[in-house]
Every structure is written in C-alpha cells, then in structure tokens.
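This report describes selected local features of one chain, moving from a helix and its surroundings to aromatic pairs, nonpolar cores and backbone angles. Please read it alongside the sequence and the coordinates.

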Amino acid sequence: MGETIPIAVPRKGRPLESVLDRLAGRLDVPELADDITSTLRHEKAITKGTIDPEDDTAANDVYHRLATYSSVDDPTEPEYTLLRDDRAGKPRRIVFDSVTIPLDDVEGVADGAAIQLIGREEPFRALRTHEFALGFDSADLILEEVVELRPEPLGRIEDINARINPSDTDVRVITGLGDTVYHTLMATPDVAPAADSLDRPFLEAYEGPLCIEPRYERLVQAVLGTQTLDGIHFAYPEDGREEEAAIADTGLGVYLTVTGSTARDHGLLLGEQLFPSETVLLESTPEPTETMTAVRSLLNGTDLETELTVEQ
C-alpha cells in the first residue's frame, strides 16, 4: 500500500477553489473539483440568504443536507462538516472536511499512493505546529502572523520567506496559485488629487487617518513599512459598515478588491496596488519522503501566472 500524503487546505472560499482548480488539471479530477465547489457555493448562498433551500423539511435541515453531501464509506468521495457561522439566525454552515485522491500514473509515486485534502480553518497554523508538512493558505495570513515588520515596505509575495524569522516558524512559501487579488490604496478626490498620484510616495507625505479592517493591521504595517506610517493612524469601519463606505467616510484607506467597481460606486479613486493576495503552497518539513517530494513537484509548476517566483 502506497503512502498517503495529508495536505491542509482551507475549508471554503476562493483559496479552496484555487486549490481544487489546480488539482483538477494536475490529477484529472475536474468532476470532483466541480462537485465540491458547487456544493459549497450553494451552501454559502443559503447561509447568506440569497437563495432558499428547496421547499421541503429535509432540504431545510442542515444536518440532512450534510448527510446527503457526505460519503463516509468511500474516502475518494468528499466529506463535509459543520462550521459555526456568525450571521444572525445562521449558526451552522456546511464546509469542506476531507477527500482522498489516488495518485495513479504519477511519475515518481509508488502504486497505491494518494493525497488526502483535509480542511482546516487556518492551514498555515496547522503547518506551524507540524500537524501537516504541506498545505495551502492565503499569503495574507503569513503577513498577519509571522512576517517581520521593517521600515521598508513589502510589496511582493516572493519576498515573504526572507522576512520570516526561523525562530518563529520553519514554514516556507513554495509557489502561488495565480488567484491574485490586490490590497489597493483608495481615496476620495478631496484627499488625493488623482488616481495616478495615489501611491506610496503620497502616503509618505500624508498625515491623518487610514481606514483598514482591524484584522489587516499587521499586514498593512508590513506592506507599507513602518517608516511610511509615520504621522498616520488607523481608523476602522464601524460594526456592520461596508468597508468601501467606511473608507469614503475617512477619505483614505486600504481594501482588498477584485475589480474596484464597488469602490467607484462610493466615489473612491483606485490608487496603487500595494500587495497581491494569493493562495500559496506551503511546506514545513526539512526531510520530505520520496512520495512527498513527488507531490510537491506535482503541485508546484510554472504553468500559471502567479505573483510568486521563488528560487528552489
């Protein structure tokens, strides 16, 4: 029986979908990837209230839907679990739990070998405690957790490893998945004269409030550099206040945006893209097995447009 390599992955959202997209192509499992993605998107819509379950008692019961989705007898079929959701009236949300994918016909892998995707709320932390040797997570979490704060800014994912103190963690970034969205500088026209001048030099001369989400405070400090933040103090959206609306009230802020369309709806100028948020492959073992090395090579690669270029 070949070795099964456990891999920590996010339980839901864009990062998990990016992992599934890569595996769909690399391991020829598009149906499995589509099944998991469509199931979780459906459950997200139910949780957010944008759609209603089918009009029968069973479909309205989250435990019944969980039992319907999950296949506990066949590890190659996905399992799901329940996660507490903080939205009022929605105490449980169905999220990804695990699935085993055989590595048939993969070069360098023994017969019977497989990978097991295991959902974790924060895969990076699971790697830090050596629960896993390989995993995927957002690059943002690494900045929020362990990247050293320095006077100079951090603008590229490929510079993350150099800013991780080995005494803090032995986890390292291996590659990115190309699902890049950006933490972007935004301002109202009365604060910034034009979008093309809304950049890091503008911030160096600026003094006043900068609106951010509280969870991104350390990330913003790392991305901008502590020197740039002289004379700047953070402001935070009030509970329930939309981030772009709060930035418009403040006049200047940083927000993670895909297209910037909603920012423009609030009259905001889109300035410099400060830092790419991308799902990354992480590794935490200095002594990988032969199967793990093959899996790492399989998951790595240069066939995607990624912000990350790490020399191996």
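## Helix H2 and its surroundings

The expected span of a helix is taken as 1.5 Å times one less than its number of residues. In this predicted model, helix H2 covers residues 30-48, and its 19 residues reach 27 Å from the first C-alpha to the last, close to the 27 Å expected. Just after the helix, Gly-49 takes a positive phi of about 80°.

The buried residues of H2 are Leu-32, Ala-33, Ile-36, Thr-37, Thr-39, Leu-40, Glu-43, Ala-45, Ile-46 and Thr-47, and they pack against two helices, H1 (13-26) and H3 (62-69), and against two strands, S2 (79-84) and S3 (92-102). Thr-37 gives a detailed view of this packing: this residue of helix H2 has a relative accessibility of 12% and therefore counts as buried, the limit being under 20%. Once residues up to four places away in sequence are set aside, Thr-37 touches Glu-17 and Leu-20.

## Helix H1 and its partner H10

Val-19 belongs to helix H1 and, at 0% relative accessibility, counts as buried. Leaving aside its neighbours within four places in sequence, Val-19 is in contact with Val-9, Phe-136, Leu-177 and Thr-279. Ile-247, by contrast, lies 228 residues from Val-19 in sequence and 32 Å from it in space, C-alpha to C-alpha.

How do H1 and helix H10 pack, and at what angle? The axes of H1 and H10 (residues 290-299) are 10 Å apart and meet at an angle of about 105°; because angles of 65 to 115 degrees count as roughly perpendicular, H1 is described as roughly perpendicular to H10. On the H1 side the contact is made by Arg-22, Leu-23 and Arg-26, and on the H10 side by Ser-297, Leu-298 and Leu-299.

## Two aromatic pairs

The structure holds two aromatic pairs. One of them joins Tyr-69 and Tyr-80 in an edge-to-face arrangement, with 5.9 Å from centre to centre and 65° between the planes. This pair links distant parts of the chain, since Tyr-69 is in helix H3 and Tyr-80 in strand S2, 11 residues apart. The two partners differ in their burial class: Tyr-69 is partly exposed, with a relative accessible area of 24%, whereas Tyr-80, at 5% relative accessibility, counts as buried.

The other pair, formed by Phe-202 and Tyr-206, is stacked, with 6.1 Å from centre to centre and 20° between the planes. Phe-202 is buried, with a relative accessible area of 16%, and Tyr-206 is buried as well, with a relative accessible area of 13%.

## Nonpolar cores

In soluble globular proteins, nonpolar side chains tend to be buried together. The largest nonpolar core here has 42 residues, of which Ile-142, Leu-143, Ile-160, Leu-210 and Leu-252 touch the most other members. Helix H7 (residues 217-224) gives the most to this core, contributing five residues.

Apart from that core lies another, of 38 residues, which includes Ile-36, Ile-94, Leu-281 and Met-292. Ile-36 is also one of the buried residues of H2.

## A buried threonine in strand S3

Strand S3 holds Thr-100, a residue that counts as buried at 14% relative accessibility. Which residues is Thr-100 in contact with, leaving aside its neighbours within four places in sequence? They are Pro-75, Thr-76, Ala-114, Ile-115 and Gln-116.

## Positive phi outside glycine

Most residues other than glycine have a negative phi. Asp-28 is a residue other than glycine with a positive value, its phi being near 55°. Asp-28 is found in the loop between H1 and H2; its relative accessible area of 63% is over the 50% limit, so Asp-28 is classed as exposed.

His-130 likewise has a positive phi, of about 60°, although it is not a glycine. The place of His-130 is in the loop that runs between helix H4 (123-128) and strand S5 (134-138).

Key
Residues numbered from 1 in each chain as written. Predicted model: local features only at pLDDT ≥ 70, side-chain atom pairs only at ≥ 80, totals over all residues. Heavy atoms only, no water. Helix = DSSP H or I, 4+ residues; strand = E, 2+ residues; numbered from the N terminus. Buried < 20%, exposed > 50% of the residue type's maximum accessible area, 1.4 Å probe, protein only. Contact = heavy atoms within 4.5 Å. Phe/Tyr/Trp six-rings, centres within 6.5 Å; stacked < 30°, edge-to-face > 60°. Core = buried A, V, L, I, M, F, W, Y, C linked by side-chain atoms within 4.5 Å. Axes fitted to C-alpha atoms, helices over the stretch in contact; angles between N-to-C directions. Parallel < 35°, antiparallel > 145°, perpendicular 65-115°, else oblique.
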